[in-house]
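Please work through the exercises below with the sequence and the coordinates open beside you, and attempt each task before reading its solution.

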Amino acid sequence: MSLPPLFDKLRLPVVGAPQFIIANPELVIAQCQAGIVGSFPALNARPQPLLDDWLTRIRAELAAWDEAHPEAPAAPYAVNQIVHKTNQRLEADVASCVKHKVPIVITSLGAREDVNQAIHSYGGIVLHDIINVKFAKKALEKGADGLIAVCAGAGGHAGGLSPFALVQEIREFFDGPLLLSGAIANGGAVLAAQAMGADLAYIGSAFIATKEANASEAYKQMIVDSRAEDVVYTNLFTGVLGNYLKGSIVAAGLDPENLPESDPSKMNFGGGEGSKAKAWKEIWGAGQGVGGVHSVVSAGELVARLKREYDAAKGRVCR
């Protein structure tokens, strides 16, 4: 199945993953102008009325870009909604997305028919984060248009399955839009994602080390300095299994080699049971692909590098 027409503007088959705190209008606009989907979590706009301001700005600046660059129009943007009972803003945030006709909505931590129907009411599409086949089928039953396979090695909340295994199983029953997340930090990995059956690569950690990202300079430098072995997989900080930078765990006074487990039933996003350190603010998320990030650059420069690597990889494969 081919991708929906709104993806025709992509100059590289990549979606920038929405990252809590990190993703802001500056990053999203830069990603879209560079030719990939830019995205941000609705919860990043605080207080809630600020979401309307962000969406107004993004739409206006991308429209202005398109008028000035008809030969290279901006890619569409996406807003991430946390569909979980703890998110008391969901109804208002979805209403904002409907008002602005956000082209792509990414749903996480729950699948709800009413949310999907609201986005479909104006022609938007819904992509849903999943970590296994059970959640994938549930999301499709609830009306999701596409799936994001969050596999082993992805930054932040991540699954534990190999992308080879999960993509293979999903493609046995679903031929719609499929994105792949997990340690993708160079253009060759983008092509590999397509080769195994995904339509688009879903990249997050590499964009933390960009000039537009809302991350401290220390966080960006730690991304540059870290390798795969510096990433720790734990549920301590939110109640949900995720990948975090070992250096930030040490800085918080914890032993990354001896972390207790949190009670998943007490999920929260400011610090799981047993941890006073706050996820994302003090404990920094990152995926195993950080070893492919060697400097802090602009989002446009990062996309340009990915494109060169992607084209070079295609050239090697086609020889």
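**Exercise 1.** Determine whether Phe135 is buried, partly exposed or exposed, and state where Phe135 sits in the chain.

Solution. In this predicted model, the relative accessible area of Phe135 is 38%. Buried would require a value under 20% and exposed a value over 50%, so Phe135 is classed as partly exposed. As for its place, Phe135 belongs to helix 5, which covers residues 133-141. A separation to check on the coordinates is that to Leu147, which is 12 residues away along the chain and 9.8 Å away between C-alpha atoms.

**Exercise 2.** Characterise the chain as a whole, beginning with its helices and strands and going on to its radius of gyration.

Solution. Begin with the count, which gives 10 helices and 11 strands. Next, compare the radius of gyration of 18 Å with the 20 Å that the globule rule gives for 319 residues; the two are close, so the chain is as compact as a globular protein of that length. The C-alpha trace spans about 55 × 50 × 40 Å along its principal axes. Of the 319 residues, 53% are buried, and of the contacts with a separation of 6 or more, 65% are between residues 24 or more positions apart. The accessible surface comes to about 13700 Å², with 53% of that area belonging to carbon and sulfur atoms. Finally, take the charged side chains, of which 29 are positive and 33 negative, and note that the centres of these two sets lie 1 Å apart.

**Exercise 3.** Find which residues have the most contacts inside the largest nonpolar core, and list what Phe40 touches.

Solution. The largest nonpolar core contains 74 residues, and those with the most contacts inside it are Phe40, Tyr77, Ile203 and Ile223. Once residues up to four places away in sequence are set aside, Phe40 touches Pro18, Ala23, Val28, Leu51, Trp54, Leu55, Ile58, Ala78, Val79 and Asn80. Apart from the largest core lies another one, of 18 residues, which includes Val15, Ala75, Ala78 and Val150. As a general background to both, nonpolar side chains tend to be buried together in soluble globular proteins.

**Exercise 4.** Establish how many residues of helix 1 are buried, and what covers them.

Solution. Helix 1 runs over residues 25-34 and is mostly covered, with eight of its 10 residues buried. These are Pro25, Leu27, Val28, Ile29, Ala30, Gln31, Cys32 and Ala34. The cover includes strand 1 (14-16), strand 2 (38-41), helix 2 (50-68), strand 3 (77-82) and helix 10 (299-318). Just after helix 1, Gly35 adopts a positive phi of about 105°.

**Exercise 5.** Work out which residues Leu27 and Phe207 contact, leaving aside neighbours within four places in sequence.

Solution. Leu27, a residue of helix 1, has a relative accessibility of 2% and therefore counts as buried. Its contacts, with the neighbours left aside, are Ile22, Phe207, Thr210, Glu212, Ala213 and Ala299. One of these, Thr210, is 183 residues away from Leu27 in sequence, while the C-alpha to C-alpha distance is 8.3 Å.

Phe207 lies in the loop between strand 9 (200-203) and helix 8 (217-225), and with 0% relative accessibility Phe207 counts as buried. Under the same exclusion of neighbours, Phe207 is in contact with Gln19, Leu27, Gln31, Ile36, Ala213, Ala299, Leu302 and Val303. As a further pair to check, Phe207 and Arg59 are 148 residues apart in sequence and 21 Å apart in space, C-alpha to C-alpha.

**Exercise 6.** Locate the cis peptide bond from Arg46 to Pro47, and then examine the positive phi values of Lys101 and Ala183.

Solution. The bond from Arg46 to Pro47 is cis, with omega near 0°, and Pro47 is in the loop between strand 2 and helix 2. Lys101, a residue other than glycine, has a positive phi near 50°; Lys101 is in the loop between helix 3 (90-100) and strand 4 (104-108), and at 56% relative accessibility Lys101 counts as exposed. Ala183, also not a glycine, has a positive phi of about 65°. The loop that holds Ala183 is between strand 8 (178-181) and helix 7 (187-195), and a relative accessible area of 36% makes Ala183 partly exposed.

Technical notes
Residues are numbered from 1 along each chain as its sequence is written. This is a predicted model: local features need pLDDT of at least 70, side-chain atom pairs count only at pLDDT 80 or more; totals for chains, interfaces and linings use all residues. Side-chain values use heavy atoms; hydrogens and water are left out. Helices (H or I, at least four residues) and strands (E, at least two) are DSSP runs, numbered from the N terminus. The radius of gyration is taken over C-alpha atoms; the globule rule is 2.2 Å times the number of residues to the power 0.38. Buried means under 20% relative accessible area, exposed over 50%, partly exposed in between (1.4 Å probe, protein chains only). Contact means heavy atoms within 4.5 Å. Accessible areas come from the Shrake-Rupley method with a 1.4 Å probe; for residues, only the protein chains shown count as cover. Lys and Arg count as positive and Asp and Glu as negative; His and the chain ends are not counted. The place of a charge is taken as NZ of Lys, CZ of Arg, CG of Asp or CD of Glu. A nonpolar core is a set of buried Ala, Val, Leu, Ile, Met, Phe, Trp, Tyr and Cys residues joined through side-chain atoms within 4.5 Å.
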